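Me: I have a structure on my screen and some questions about the words people use for it. Could we go through them one at a time?

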Amino acid sequence: MAKKDIDWSNIGFGYMKTDKRYVSNYKDGAWDEGILTGDDTVVISECAAVLQYAQTIFEGLKAYTTVDGRVVCFRPDLNAERMEDSAKRLEMPTFPKERFVDAVVKTVQANIDYVPPYGSGATLYLRPYMFGSDAVIGVKPATEYQFRLFCTPVGPYFKGGVKPITIRVSDFDRAAPNGTGHIKAGLNYAMSLHAIVDAHNQGFDENMYLDAATRTKVEETGGANFLFVTRDNKIVTPKSDSILPSITRRSLMSVAKDYLGLEVEQREVLFEEVPEFVECGLCGTAAVISPVGCISDHGKEIKFENGCTEMGPIIKKLRDTLTGIQMGQIGAPEGWIKEIK
Ligand code: PLP
Ligand code: COI
């Protein structure tokens with residue numbers, strides 16, 4: 001078999017159908033053994049819980065070709081654990097961690113010709129998800145579920161790749177205190193669609209959400225956590241119960257401390273202190289670390305001193321070290337890399 005004929009260096013962050021996906025069904029209190037299938041369609045009741053009450057959760061992770069030609073993926077066990085947390089919060093059955101990792105391996109192996117080559121700038125994005133598939137009309141959880149995992153080759157999440165982006169402070173809230181902001185539920189993204197379309201229409205790349213209760217603290221964007229750099233090179237990331245615990249952010253905090261010798265701090269970040277930071281980045285599987293050059297607060301602009309037009313030096317070091325670990329150029333901490341081929 002040969003790599004697919006794809007212009008790897010010029011793909012964006014979009015969906016491309018690949019050959020196989022993994023499917024397992026939950027019925028009568030148990031998951032079936034799961035299969036790989038060529039069928040990319042889903043047939044469910046018109047009254048399925050996912051369609052009526054948005055009972056759906058998902059994950060996102062990537063597979064990479066390393067410098068020496070292996071195919072690996074990054075910390076899939078943490079995605080499995082987070083999906084378990086998401087399932088519990090939406091009254092769904094959990095999909096066992098070992099089976100989740102096995103589904104990742106099988107799906108990547110079955111689509112190996114879609115894993116972008118080393119150095120192309122593209123990666124294979126994996127999308128595990130689970131939804132309530134049987135009919136409910138009263139508001140209650142489904143009794144039957146489907147777990148699926150497909151993959152698609154992707155390029156950079158933000159157009160322009162690593163050029164600093166401009167975001168705005170959103171007047172919409174993303175997540176309520178004691179709500180679902182800390183899990184990866186489809187509903188969190190449905191309610192962000194109007195905000196992102198509006199942001200794009202106003203010329204911004206993303207929204208910065210503040211905490212819904214006081215609107216004084218930085219939370220996250222629609223699809224990534226924040227990292228800030230202080231004037232004395234400390235890495236600061238917001239702490240909040242209503243943001244998604246990003247695996248990329250947790251990994252970057254370790255990288256900053258253990259590989260780069262930087263001081264790191266996870267704490268509440270007041271919006272009013274943002275102008276004091278010299279660099280800002282958005283981190284996530286899709287975003288990797290995308291530099292933020294400017295934040296617009298209702299017309300008032302905050303421009304980051306060391307990263308306004310080009311990626312700042314500390315964000316760049318973090319990005320290069322993390323991607324170096326993912327692509328096998330730099331030794332990884334124990335357990336971070338899952339070998340696939
Ligand atoms: N925050 C939100 C809202 C997200 O959707 C994502 C994407 O998964 C992240 C943060 C980053 O999380 P991770 O690094 O685990 O991909
Ligand atoms: C990811 O980074 O994997 C996500 O799920 C974010 C999404 C906005 C694409």
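Reply: Happy to! Keep in mind that this is a predicted model. A good place to begin is the shell around ligand 1, which divides into five nonpolar, eight polar and four charged residues.

Me: How do you know which residues belong to the shell around ligand 1, and which come nearest?

Reply: A residue counts when one of its heavy atoms lies within 4 Å of the ligand. Around ligand 1 there are 17 such residues, and Tyr-189, Glu-220, Ser-246, Thr-248 and Thr-285 come nearest.

Me: What makes the pairing of Lys-184 with ligand 1 a polar contact?

Reply: The cut-off for a pair of N or O atoms is 3.5 Å. A polar side-chain atom of Lys-184 lies 2.8 Å from an oxygen atom of ligand 1, so the pair is within 3.5 Å and counts. Tyr-189 passes in the same way: an N or O atom in the side chain of Tyr-189 is 2.5 Å from an oxygen atom of ligand 1.

Me: Why does Ala-224 count as well?

Reply: Here the backbone takes part: a backbone N or O atom of Ala-224 lies 3.5 Å from a nitrogen atom of ligand 1. The limit is "within 3.5 Å", so this pair is a polar contact too.

Me: How much of ligand 1 does the protein cover?

Reply: On its own, ligand 1 has 380 Å² of accessible area, and the protein covers 97% of it.

Me: How do you know where ligand 1 sits?

Reply: The test is that more than half of a molecule's atoms lie within 2 Å of the grid points of a pocket. Ligand 1 passes for the largest pocket, so we say that ligand 1 sits there. Helix H6 (247-259) and strand E14 (279-284) each give two or more residues to the shell around ligand 1.

Me: What makes up the lining of the largest pocket?

Reply: A lining residue has an atom within 4 Å of a pocket point, and 34 residues line this pocket. Nearest its centre are Tyr-157, Glu-206, Gly-222, Gly-223 and Ala-286. Among the elements that give two or more residues are strand E7 (123-132) and helix H5 (193-201), and H5 has the largest share, with three residues. By kind, the lining divides into 15 nonpolar, 11 polar and eight charged residues.

Me: Which volumes do the largest and second largest pockets have?

Reply: About 730 Å³ of space lies in the largest pocket, and the second largest has a volume of about 600 Å³. The second largest pocket is lined by 40 residues, including Gly-121, Val-288 and Arg-319. Helix H7 (313-326) is one of the elements that give two or more residues to that lining, and H7 gives the largest share, six residues.

Me: Where does ligand 2 sit?

Reply: Ligand 2 sits in the largest pocket. Phe-13, Phe-58, Gly-60 and Arg-127 are among the residues surrounding ligand 2.

Me: What makes the contacts of Tyr-125, Lys-184 and Thr-285 with ligand 2 polar contacts?

Reply: Set each distance against 3.5 Å. A polar side-chain atom of Tyr-125 lies 2.6 Å from an oxygen atom of ligand 2, and for a polar side-chain atom of Lys-184 the value is 2.7 Å, again to an oxygen atom of ligand 2. A polar backbone atom of Thr-285 is 3.5 Å from an oxygen atom of ligand 2. Each pair is within 3.5 Å, so each counts. As for cover, ligand 2 exposes 280 Å² when taken alone, and the protein buries 90% of that.

How values were computed
Residues numbered from 1 in each chain as written. Chains lettered and ligands numbered in written order. Predicted model: local features only at pLDDT ≥ 70, side-chain atom pairs only at ≥ 80, totals over all residues. Heavy atoms only, no water. Polar contact = N/O pair within 3.5 Å; in protein donor to acceptor, adjacent residues only side chain to side chain. Areas by Shrake-Rupley, 256 points an atom, 1.4 Å probe, with all protein chains shown as cover. 1 Å grid on protein atoms, 1.4 Å probe; cavity = no way out; pocket = protein on both sides within 12 Å on 5 of 7 lines; lining within 4 Å. Helix = DSSP H or I, 4+ residues; strand = E, 2+ residues; numbered from the N terminus. Nonpolar A, V, L, I, M, F, W, Y, C, P; charged D, E, K, R; others polar. Points joined across faces, edges and corners; volume = space filled by probe spheres on them.
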